[in-house]
Structure formats: structure tokens, C-alpha cells
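This report looks at selected parts of one protein model, with attention to burial, packing and the ligand surroundings. Please keep the sequence and the coordinates at hand while reading.

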Amino acid sequence: MFETSLTRKLNIKYPIFQAPMAGGPTTPELVAAVSNAGGLGNLGAGYLTPKQLRNTIHKIRKLTDRPFGVNLFVFEQPEESEEETMKEMSDYLDFYRNELGIPQSPALRKYSESFEEQVQVVLEESVPVFSFTFGIPSPDMIQSMKQRGTFVVGTATTVDEAIQLEASGADAIVAQGSEAGGHRGTFLKNVSDSLIGLMALVPQMVDRVSVPVIASGGIMDGRGLVASLTLGASAVQMGTAFLACTESGAHPTYKQQILSANEDATEITRAYSGKAARGIQTKFMRNMHAYPGKIPPYPIQHVMTKDIRQASAMANNPEYMSLWAGQGLRLANDQSAATIIKQTIDQAKKLIEDRK
Ligand SMILES: Cc1cc2nc3c(=O)[nH]c(=O)nc-3n(C[C@H](O)[C@H](O)[C@H](O)COP(=O)(O)O)c2cc1C
């Protein structure tokens with residue numbers, strides 16, 4: 001009933017991708033549990049060093065012999081940030097450091113992992129699926145992946161982005177609706193001009209590209225799956241639905257927030273990383289509305305707030321943590337990944353059968 005050209009190509013039973021979620025939630029246990037349950041588990045590897053990435057791929061392979069994916073952030077040259085802007089931000093952040101009892105104005109560490117080195121690991125490990133967000137890797141890189149037999153998936157938030165991804169050789173495209181949790185994958189226009197609801201985005205994208213489209217954003221159960229397939233998607237990619245599940249590596253305080261928040265709790269912010277992302281509103285986000293200076297661009301701000309996010313998590317204080325989440329929050333639950341997949345499929349089957 002749920003076989004699509006995409007599930008056949010990927011050799012998976014159900015058209016359900018567990019979203020790659022960098023920063024801890026997508027543990028090897030979660031990725032493997034989803035793949036073992038018939039979906040496609042995806043590792044969010046954007047923040048991993050090449051060595052960590054290789055070890056994690058090996059761990060996943062020990063836990064499953066089913067296909068899985070690895071996701072990276074397409075490298076962006078950090079925009080120049082004026083010394084003055086960074087100094088002002090650092091001084092401002094010292095207020096939180098003081099509150100959390102951690103050292104003031106720490107020296108900045110490396111901005112981001114080397115994308116080329118991360119890609120090299122994915123190539124060497126011949127990972128079944130490689131997905132990416134924030135842009136398009138070079139055509140050579142995409143071709144090298146495909147020559148290794150890796151299925152390549154890009155992320156688009158508008159139809160124009162999807163058209164460019166298809167032209168660059170992507171085998172499938174994740175349509176990221178404005179409901180989606182986490183960072184926006186937007187790379188052509190301003191984020192504010194690229195916030196298209198999934199219901200509008202999927203059919204328009206499906207009409208304009210010939211590769212499979214994977215619907216993503218606010219999908220939490222069988223209703224979202226059936227709706228997405230009806231709109232023409234070949235699969236769904238669900239993130240928030242898995243954040244509080246047993247195998248998720250999200251911090252317990254983060255899980256609690258996911259399980260208790262409602263659909264109106266999120267906001268798109270640049271406060272934590274310098275790049276627009278949807279998360280549950282926190283005191284840090286609200287305070288940042290009144291910040292008089294400029295927020296340094298990604299990944300500079302991401303590095304600048306790291307110690308604060310970590311100290312906040314250590315103190316089980318959600319107010320300075322980044323709590324990325326989509327708008328489907330009321331539907332989140334803390335069951336196992338296999339149960340979430342089973343319930344989603346059972347509900348979708350029933351919906352389709354009841355229609356007949
Ligand atoms: C905590 C979190 C982290 C995320 N990290 C990534 C990532 O590393 N790479 C990526 O392509 N998408 C990432 N996303 C976005 C997801 O791929 C997907 O678009 C989103 O989860 C869909 O919306 P939903 O959370 O409402 O299901 C992340 C989302 C969340 C919630």
C-alpha cells in the first residue's frame with residue numbers, strides 16, 4: 001500500500017524518513033531503530049568531526065543492515081563579521097555567562113567542521129543515502145557520490161530551489177515547509193520570502209521537478225503521511241515526531257519541553273546560531289528581540305553561544321537552550337521509534353481503507 005518508486009529505489013518498506021537532526025538527537029540507536037522498523041533513519045552529522053562521523057557510521061552499521069542516510073550542512077564561507085559586532089555580542093552574552101556561572105568572554109573556537117573532509121568520509125564509507133541542506137554541493141561532489149552508488153537528497157524551501165537541485169543532479173528533494181523544526185534550508189532568497197506552508201509547497205514542487213519529493217514540516221502521524229502522499233510526495237521526513245522518543249539523544253529537559261509545548265510555542269529565530277531556525281520560544285530568544293546590535297552570521301553566532309547553551313543544558317534550564325521544534329508539537333510522544341513508525345503506518349492504512 002505504501003510502496004512508491006522511492007521506497008523501491010531505496011529498498012525500504014515504508015515511505016518514512018526520520019529527519020537528520022544534528023546536535024545529538026539522531027543517535028546511532030535512533031537511526032538504526034527507524035531503519036530496522038522499515039523507514040529510513042538519517043544521521044544529522046553537520047557538527048561531527050570526520051573521525052566522529054566515521055565512528056558513528058560504524059556504530060549504525062553494527063545496529064542495522066538496512067539502508068540509512070547521513071546528512072551534512074553544505075559549507076558556507078563564514079560571512080565577515082566586523083570585530084565590533086562580535087565584541088558587542090560577546091559583551092552582551094557575558095550577562096548570561098555570569099548568570100550561569102561560567103567564564104566570561106571565552107576565546108572563539110573553530111567555526112565549523114571541514115565539509116570536504118566530512119564528504120570524504122561519506123564517500124569512503126559508501127553510505128546508502130547522502131542528504132544535505134543550506135545549499136548545493138559542487139556537481140563533482142554530487143557525481144562522486146552517485147558513482148559510489150549513494151542516493152543523493154537535497155533540501156529546498158521553494159520551487160526554484162528544487163529546480164536548481166534537480167539540475168545539479170540530486171536524486172530526490174526534501175520539500176521543507178515553513179512548519180518545520182530546526183534550521184531553514186533556504187539558499188536562494190531571504191528566509192522571510194521562503195516560508196511556504198507544506199500544503200502549498202509540495203504540489204507546486206511536484207509539478208515542476210521530475211525527481212521524487214519528500215514532504216517535511218509538521219508531519220507527526222498517519223494523517224500527515226496520507227495527506228503528503230495525496231499531495232504528490234513520495235515520502236515524508238519527520239523530525240519533531242522523533243525528538244522525544246526513547247532512542248532520541250535530545251536532552252531530558254528538551255524532551256520535556258517538546259512533550260508539554262503547543263502548536264503556538266515556536267518562533268523562527270537567528271538568536272542562537274545566526275541562521276534562521278524554528279524552535280520553542282525561550283527567554284534567550286525573547287531577550288534577543290530587544291538586542292540593539294547586529295547578530296553575527298552563521299556559524300559565528302553558533303560558536304559564540306555554544307558555552308551558554310551547554311551550561312544551560314547542564315543546569316537543566318531550558319531558557320538558554322536551543323529547543324528546535326516544528327509546529328506539530330501537541331502530537332509529539334515519548335514512545336519508541338518503532339512504535340511511532342507502526343502507529344503512523346497503522347493510522348495511515350486505516351485512513352486509506354476507510355475512504356474506499
Ligand atoms: C532538532 C532538529 C534538528 C535538525 N537538524 C537538521 C539537520 O542537521 N539537517 C537537516 O537537513 N535538517 C535538519 N532539521 C530539519 C529536518 O530535516 C526537517 O526539515 C524538520 O524536522 C521537519 O519538520 P518537523 O520537525 O515538524 O517534522 C532539524 C530539525 C530539528 C527539529
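The sections below treat a ligand shell, a strand-helix-strand unit, two helices and a single threonine in what is a predicted model.

## Ligand surroundings

The ligand is surrounded by 28 residues, and the closest of these are Ala22, Gly181, Gly182, Gly239 and Gly326. By residue class, the shell consists of 16 polar residues, 11 nonpolar ones and one that is charged. Strand β9 (235–238) and helix α10 (240–243) each contribute at least two residues to the shell around the ligand.

## Strands β2 and β3 with helix α3

Strand β2 (residues 41–44) sends Gly41 and Leu43 to one side and Asn42 and Gly44 to the other, and all of these residues are buried. Four bridges join β2 to strand β3 (residues 68–73), with the two strands paired in the parallel sense; within this arrangement, Asn42 lies opposite Gly69 of β3. Together with helix α3 (residues 50–63), β2 and β3 form a β-α-β unit that is right-handed.

## Helix α6

Which residues of helix α6 (residues 139–147) are buried? They are Met141, Ile142 and Met145. When α6 is viewed down its axis, these buried residues fall within an arc of 100°, and they therefore line one face of the helix. The face turned away from the buried side carries Pro139, Asp140 and Gln147, which are exposed.

The cover over the buried residues of α6 includes α5 (115–124), β4 (129–133) and β5 (151–156). After α6 comes Gly149, which has a positive phi, near 90°.

## Helix α9

In helix α9 (residues 222–230), the buried residues include Gly224, Leu225, Val226 and Ser228. The packing partners of the buried residues of α9 are β1 (16–18), α8 (198–208), β8 (213–216), β9 and α15 (337–355), and β9 is also one of the elements that supply at least two residues of the shell around the ligand. Gly232 follows α9 and has a positive phi, near 110°.

## Thr7 in helix α1

Is Thr7, a residue of helix α1 (residues 5–10), buried or exposed? Thr7 has 20 C-beta neighbours inside 10 Å, and because a residue is buried at 20 or more such neighbours, Thr7 counts as buried.

Setting aside neighbours within four places in sequence, the contacts of Thr7 are Phe2, Ile12, Lys13, Tyr14 and Pro15. Between Thr7 and Gly39, which are 32 residues apart along the chain, the C-alpha separation is 9.0 Å.

Definitions and conventions: Residues are numbered from 1 along each chain as its sequence is written. This is a predicted model: local features need pLDDT of at least 70, side-chain atom pairs count only at pLDDT 80 or more; totals for chains, interfaces and linings use all residues. A residue is buried if 20 or more other C-beta atoms lie within 10 Å of its own, exposed if 12 or fewer, and partly exposed in between; C-beta atoms are placed from the backbone. The arc is that of the directions from the helix axis to the C-beta atoms. Two residues are in contact if their C-beta atoms, placed from the backbone, lie within 7 Å. A residue is near a molecule or strand if its C-beta atom, placed from the backbone, lies within 6 Å of it. Ala, Val, Leu, Ile, Met, Phe, Trp, Tyr, Cys and Pro count as nonpolar, Asp, Glu, Lys and Arg as charged, and the others, Gly among them, as polar. Two strands pair if DSSP finds at least two bridges between them. A crossover is right-handed if, with the strands pointing away from the viewer, the path from the first strand over the helix to the second runs clockwise.
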